[in-house]
Amino acid sequence: MRNAFSSKLTVGIFDHLDDDGRDIAQQYADRLRLTETCDRLGFYAYHLAEHHCTPHGTAASPNLFLSSVAQRTRQLRVGPLVMLLSLYHPLRAFEEICMLDQLSGGRLELGIGRGSLPAELGYFGIGADAMPECYVEASEILVEAMKGGTLSYQGHHFELNNVPLTLRPHQRPHPPTWIATNRPESACWAAANGANIACLGPASGVRKITDAFRSHRGKIADAGDESPFLGLLRMVVVGRSAKHAYSLAAPAYERWLKSFKFLYDVNAIPIPPHLPLTFDAAIESELCVVGTAAFVRRTLLDQLEQAGANYLLCQLAFGDLPLEDSLYTAVAIQTEIMDRVG
């Protein structure tokens with residue numbers, strides 16, 4: 001078994017930017033303060049989800065918010081996780097990607113996907129049946145566009161004829177790519193295409209995904225020596241005591257859960273079977289890691305080792321967790337994990 005810490009452990013941030021119940025402009029301002037702090041602390045990247053028509057995500061245009069993050073930070077890399085390609089004309093998606101990579105000075109980490117809840121795309125007139133094929137075509141066009149020159153493509157959903165590509169990304173040949181997955185077969189696609197992965201779930205289940213990734217990558221002759229990121233996502237709250245951390249995280253999780261369930265309730269859709277419906281269940285399922293700094297460090301490192309992951313994605317802000325408590329957790333992670341393990 002390959003040791004997940006045979007190379008430097010890297011730590012980043014994941015964010016839904018879910019509604020915290022306050023003025024949305026103030027919430028955006030607080031998140032920008034959080035990213036500024038994480039930039040100074042040495043976190044690797046800030047990854048932002050894309051959601052629509054739901055309080056589960058107030059960053060309907062993640063690239064727009066990330067452009068603000070890029071201007072407020074110096075080292076922190078930025079990227080959507082994921083950019084819902086089914087909602088973009090691929091040519092427009094390519095131009096936005098180029099702009100964000102240029103504005104950030106080559107700090108873009110590009111996550112792409114088709115979305116996990118068809119109801120969100122349905123509001124835009126995209127049916128569940130068309131979504132997979134639309135995403136495949138858009139991703140193929142994006143890959144071709146990164147090569148530059150002129151772009152032609154003939155598909156069922158998109159037709160492009162000798163389009164001059166006058167924009168280009170800062171990073172060559174293209175920014176690092178990411179997918180979010182909980183399926184081994186998707187991990188094999190990522191390995192074959194040089195993409196990084198972000199995973200959610202119990203460490204034992206994530207291990208199947210990271211094993212599939214490494215196994216498939218080992219069969220590729222020109223895979224290279226550079227190790228891609230195999231990410232493990234956790235909601236993390238560090239308190240001054242275990243009781244204090246629990247008192248902060250429990251109500252914040254309940255608000256986050258309500259936002260998550262919003263579109264499921266509105267559309268009378270069964271909620272995902274593995275969604276923890278209580279805070280205690282969220283801890284038991286390893287979605288949340290909460291406690292003192294020392295406890296959180298031990299627990300996260302154990303889970304990373306078991307999962308075979310080399311990239312920790314910390315969700316530091318969720319629900320109505322106050323900014324100062326997210327900042328406290330960020331400093332604790334930098335002191336207890338990044339300084340001691342990275």
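F260 counts as buried, because its relative accessibility is 19% and the cut-off for buried is under 20%. Keep in mind that this is a predicted model. Y264 is buried too, at 10% relative accessibility. Both residues sit in helix α8, which runs over residues 242-266, and they are four residues apart, about one turn of the helix. Their rings form a stacked aromatic pair, with 5.7 Å from centre to centre and 10° between the planes. Follow the ring pairs onward and you get a cluster: Y246, Y253, W256, F260, Y264 and F279 are linked this way.

Now for the other rings. The structure holds 12 aromatic pairs. One of them joins Y46 and F65, whose ring centres are 6.5 Å apart and whose planes meet at 50°, so this pair is tilted. Here the partners come from distant parts of the chain: Y46 belongs to strand β2 (residues 45-48) and F65 to helix α2 (residues 62-72), 19 residues apart. Y46 is buried at 1% relative accessibility, and F65 is buried at 9%.

Next, take a look at the surface. Y123, F124, F262 and V266 make up a nonpolar patch there, with about 390 Å² of accessible area together. F124 lies in the loop between α4 and α5, and it counts as partly exposed, with 46% relative accessibility.

That loop brings us to α5 itself, residues 131-145. This helix has 15 residues and spans 21 Å from its first C-alpha to its last, close to the expected 21 Å. Its buried residues include M131, Y135, I141 and L142. What do the buried residues of α5 pack against? Their partners are α3, β5, α4, β6 and β7.

Notes
Residues numbered from 1 in each chain as written. Predicted model: local features only at pLDDT ≥ 70, side-chain atom pairs only at ≥ 80, totals over all residues. Heavy atoms only, no water. Helix = DSSP H or I, 4+ residues; strand = E, 2+ residues; numbered from the N terminus. Expected span 1.5 Å × (residues − 1). Buried < 20%, exposed > 50% of the residue type's maximum accessible area, 1.4 Å probe, protein only. Contact = heavy atoms within 4.5 Å. Patch = residues over 30% accessible without salt bridge, like charges linked within 9 Å, V, L, I, M, F, W, Y side chains within 5 Å. Areas by Shrake-Rupley, 256 points an atom, 1.4 Å probe, with all protein chains shown as cover. Salt bridge = Lys/Arg side-chain N within 4 Å of Asp/Glu carboxyl O. Phe/Tyr/Trp six-rings, centres within 6.5 Å; stacked < 30°, edge-to-face > 60°.
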